[in-house]
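Student: Could you take me through one part of this protein slowly? I would like a close look at the sheet and the charged pairs.

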Amino acid sequence: MLAALSLSLMGLVASVAGLVVQVMPRTFSAAQKQQIVTWEVGKRWRIWSAGEIFPATIPYRVPGSALGGAADLTLVAHRIGITRQASCRAATDRAVARVLARHGCLAVLRATYDDATQSLAVTVGVAVLPSPAAARATQRALPSRGGGGPRLGVRAAPFRRTPVAGFGDRQRQLSWERGTGPYLVFATVGYADGRRRVPEAANGANGYATAEMLGLERGVGVWVAGHIGTAPPPPACPGGPAC
């Protein structure tokens, strides 16, 4: 009888403990919180709409130093089009594609914008890697320049019968990239009217053109990188049995 009573008491204690666990607020460890945040950021490329990743307009700035010392000029880039999801090999330069493939690149999303005067075009691309660590390793391994041309990266994405129809790979003037979460965001800018790449020494004589290219490229690239890669608020559980 004593043994049976002891077993009954143990069962009662276990039941009460289980009930307390269900009723008490649930908590996450620091590692669990980081895992949830990483998962939330990593699924955005699949669950966000194309227009959410690449909005219709993005502001950018031309520094006042290019305008003779005046205040910075704020302009707006307009989205011309969004391409279909592409393979990492198809959307990037060959040397970059090899590095991306080595680190498990899944896909590249691209869109092209023009500047406020419709004379420049910028293609921004989001390369999706399996993890933030893979993205960081990929960025460290990227080649720097391509045969005297701009930094290798994303391929230009022109759109027929639009102001950026003449913007192709040979028109790329400057290139940029940034890692954010499990993504590598690339941007490349050049003339929208089909003009071939201008050597840096020659283009440097036109300070405003260079400044606007840099402002457009980095303004659009930084905005997209910050939007898709910014960590959400740390997960918190309100408590209760339904949590």
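Tutor: Happy to; we will go through the sheet, then a helix that lies across two of its strands, and then the salt bridges. Please keep in mind that this is a predicted model.

Let's begin with the sheet. Six strands make up an open sheet, and their order across it is 1-2-3-4-6-5, with antiparallel pairing. At the edges you will find strand 1 (57–62) and strand 5 (172–180); each has a single partner strand, so one side of each has no neighbour in the sheet. If you compare neighbouring strands, they are turned by 30° against each other on average, with direction ignored.

For a closer view of one pairing, look at strand 2 (residues 73–82) and strand 3 (residues 107–114), which run antiparallel and are joined over four bridges. You can pick out a bridge by eye: Ile82 has Ala111, in strand 3, as its bridge partner.

Now move to the other end of the strand order. Helix 7 (residues 132–141) lies across strand 5 and strand 6 (183–191), and the angle it makes with strand 6 is about 40°.

Next, the charged side chains. In general, side chains of opposite charge can pair when their charged atoms come close. In this model there are five salt bridges.

A good one to start with is Arg172 and Asp169, whose closest N and O atoms are 3.8 Å apart. The cut-off for a salt bridge is 4 Å between such atoms, so a pair within that distance is counted. Arg172 has a relative accessible area of 10%, and because buried means under 20%, Arg172 is classed as buried. Asp169, at 28% relative accessibility, is partly exposed. These two residues also belong to a wider group: Asp93, Arg155, Asp169 and Arg172 are linked in a network of salt bridges.

Another pair is Asp193 with Arg195, where the side chains meet at 3.1 Å, N to O. Here Asp193 is exposed, with a relative accessible area of 51%, while Arg195 has 40% and is partly exposed.

Finally, Glu40 and Lys43 form a salt bridge with their closest N and O atoms 3.6 Å apart. Glu40 counts as partly exposed at 28% relative accessibility, and Lys43 is partly exposed too, at 22%.

To find your way back through the view, trace the strands in the order 1-2-3-4-6-5, locate helix 7 across strand 5 and strand 6, and then pick out the network that includes Asp169 and Arg172.

How values were computed:
Residues numbered from 1 in each chain as written. Predicted model: local features only at pLDDT ≥ 70, side-chain atom pairs only at ≥ 80, totals over all residues. Heavy atoms only, no water. Pairing = 2+ DSSP bridges. Axes fitted to C-alpha atoms, helices over the stretch in contact; angles between N-to-C directions. Contact = heavy atoms within 4.5 Å. Buried < 20%, exposed > 50% of the residue type's maximum accessible area, 1.4 Å probe, protein only.
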